[in-house]
Amino acid sequence: MDTLSTAAARPAGNLTEQQQAVAMVWVARGIPVVPCSRTDKGPMVPGFGRDATAEQLAPFSDPEQVRDWWSGRFKRAHVGILTGRGNDGRGLLVVDLDVRKEHTVLPAEFDYAYSGVDVLERMATEAGEDWPETYTVLTPSGGVHLYFRQPEDGPLIGCATGAGPTAPHLGPLIDVRGIGGLVIAAGSYSAAQGLPYRRMSDASSRPQPLPGWLLERLRPAAAPAPARRPAPVLVLPTASRADRYAAAALSGATEDVADAPEGERNRGLFAAARRLGELQETAPGVLNETTVQEQLLAAALRSGQSEREALRTIRSGWERGLAGRGAGVA
């Protein structure tokens with residue numbers, strides 16, 4: 001029996017060995033995995049979010065760690081496959097085609113649809129393309145997972161649920177799982193439904209590159225970047241040595257925030273706001289809350305962060321810095 005394919009019943013033999021074998025197959029393919037609950041499919045180990053660092057992600061690809069998870073505390077857990085992640089830095093993109101639930105209301109043009117399969121078939125027909133052939137999994141509820149490789153260049157595609165006005169939303173009854181997401185692997189057995197996740201494609205099948213027509217819907221051509229709000233003109237009192245030090249610290253912090261690489265931006269913004277909050281009482285004329293917030297926000301926007309999230313991070317870091325200043329002083 002292929003490790004990633006089972007009959008439509010509880011897998012024969014030792015379930016713990018079955019789950020561990022499934023996990024090890026995906027790790028050997030360069031795809032990280034995470035133990036997930038067999039009741040609600042939720043991840044049982046944290047640390048793989050969209051902005052997770054390589055160090056934080058390392059355990060999910062470590063064969064020894066993965067083997068330990070499914071030998072001990074999580075030995076009967078579902079095998080969750082982390083999407084958007086991989087040893088090559090790109091990973092998977094999974095299109096999840098759900099079955100329509102009773103009383104679900106769809107837009108009139110899709111009212112005929114029994115599942116996301118019907119919706120995606122219509123999209124392919126409208127694009128003049130065939131159904132995308134790739135590694136395919138049947139879920140216990142009757143849904144279908146189509147596995148693709150993330151594009152080799154450009155930004156990684158994220159996650160989306162159902163229809164929506166922007167990419168990567170595809171349409172009703174279709175979810176998209178990219179960076180920061182996960183899906184349950186074929187071979188995992190659902191105790192709640194009494195059925196496994198089953199591979200539908202041939203044993204030799206592997207996730208294929210995203211077809212061009214589907215990629216266009218998931219990641220349309222980027223529009224010209226909007227003009228970033230310039231930083232307010234900064235005029236600071238620098239009469240004292242403390243003022244000059246504070247002004248230099250503020251200038252350096254804004255440069256660091258503006259130049260932060262993707263994946264480190266939010267963390268760097270919080271650290272900068274916290275540090276300036278810690279210094280505030282040494283030069284209150286320079287490091288007042290309004291000035292710090294304006295300068296850091298402008299830098300965060302230049303780096304590509306959203307205004308709402310950046311403001312929340314700045315306020316959180318600033319308050320943490322004010323609360324912690326003087327800590328450790330004898």
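Which loop does Lys 41 lie in? Lys 41 sits in the loop between β1 (33–36) and α2 (54–57), and its backbone is one of the details picked out below. Keep in mind that this is a predicted model. The quick tour runs through 7 salt bridges, a pocket of about 560 Å³, a cavity of about 30 Å³, helix α7 and a few backbone oddities.

**Salt bridges**

- The count comes to 7 salt bridges, and here are some of them.
- Arg 100 pairs up with Asp 111, with 3.1 Å between the closest N and O atoms. The two partners are 11 residues apart, and Arg 100 and Asp 111 are both placed in the loop between β3 (92–97) and α4 (116–126).
- Neither end of that pair counts as buried: Arg 100 is partly exposed at 22% relative accessibility, and Asp 111 is partly exposed at 45%. With the cut-off for buried at under 20%, Arg 100 at 22% lands in the partly exposed class.
- Over in helix α4, Glu 126 bridges to Arg 122, again with the closest N and O atoms 3.1 Å apart. These two are 4 residues apart in the helix, about one turn.
- Glu 126 is exposed at 53% relative accessibility, while Arg 122 is partly exposed at 27%.
- Helix α7 (residues 265–279) has a bridge of its own, 3 residues apart and about one turn of the helix, between Arg 275 and Glu 278. The closest N and O atoms there are 3.6 Å apart.
- Both α7 partners are partly exposed, Arg 275 at 40% relative accessibility and Glu 278 at 29%. Elsewhere, shared partners tie Glu 109, Arg 122 and Glu 126 into one salt-bridge network.
- As background for the two helical pairs, an α-helix has 3.6 residues a turn, so residues three or four places apart point the same way.

**Helix α7**

- α7 has 15 residues and spans 21 Å from first C-alpha to last, close to the 21 Å expected at 1.5 Å a residue.
- Which residues of α7 are buried? They are Leu 269, Ala 272, Ala 273, Leu 276, Gly 277 and Leu 279. These residues sit on the same side of α7, because they cover an arc of only 165° around the axis.

**Pocket and cavity**

- Rolling a probe the size of a water molecule over the atoms shows where empty space is left.
- The largest pocket has a volume of about 560 Å³. Its lining runs to 20 residues, and those nearest the centre are Arg 50, Pro 155, Glu 262, Arg 265 and Gly 304.
- By class, that pocket lining splits into 8 nonpolar, 6 polar and 6 charged residues.
- How many cavities of 30 Å³ or more does a search of the whole structure find? The search turns up 1, and the volume of the largest cavity is about 30 Å³.
- Glu 289, Gln 293, Ile 314, Arg 315 and Trp 318 line the largest cavity. The elements giving two or more residues to this lining are α8 (289–303) and α9 (307–324).
- α9 gives the most to the cavity lining, with 3 residues. Sorted by class, the lining of the largest cavity has 2 nonpolar, 1 polar and 2 charged residues.

**Backbone details worth a look**

- For context, most residues other than glycine have a negative phi, and most peptide bonds are trans.
- Lys 41 has a positive phi, near 70°, despite being a residue other than glycine. Lys 41 is partly exposed, with a relative accessible area of 44%.
- His 103 is not a glycine either, yet its phi is positive at about 75°. You'll find His 103 in the loop between β3 and α4, where it is exposed with a relative accessible area of 71%.
- Ala 167 and Pro 168 are joined by a cis peptide bond, with omega about 10°. Pro 168 belongs to the loop between β6 (160–161) and β7 (174–177).

**A long-range neighbour pair**

- Glu 133 and Pro 211 are 78 residues apart in sequence, yet their C-alpha atoms are 9.5 Å apart in space.
- Glu 133 lies in the loop between α4 and β4 (135–138) and counts as exposed at 64% relative accessibility.

Methods. Residues are numbered from 1 along each chain as its sequence is written. This is a predicted model: local features need pLDDT of at least 70, side-chain atom pairs count only at pLDDT 80 or more; totals for chains, interfaces and linings use all residues. Side-chain values use heavy atoms; hydrogens and water are left out. A salt bridge is a side-chain nitrogen of Lys or Arg within 4 Å of a carboxyl oxygen of Asp or Glu. Buried means under 20% relative accessible area, exposed over 50%, partly exposed in between (1.4 Å probe, protein chains only). On a 1 Å grid over the protein atoms alone, a cavity is a set of points where a 1.4 Å probe fits but cannot get out, and a pocket is an open set with protein on both sides within 12 Å along at least five of seven lines; lining residues have an atom within 4 Å of a point. Grid points are joined across faces, edges and corners, and a volume is the space filled by probe spheres set on the points. Ala, Val, Leu, Ile, Met, Phe, Trp, Tyr, Cys and Pro count as nonpolar, Asp, Glu, Lys and Arg as charged, and the others, Gly among them, as polar. The expected span of a helix is 1.5 Å times one less than its number of residues. The arc is that of the directions from the helix axis to the C-beta atoms.
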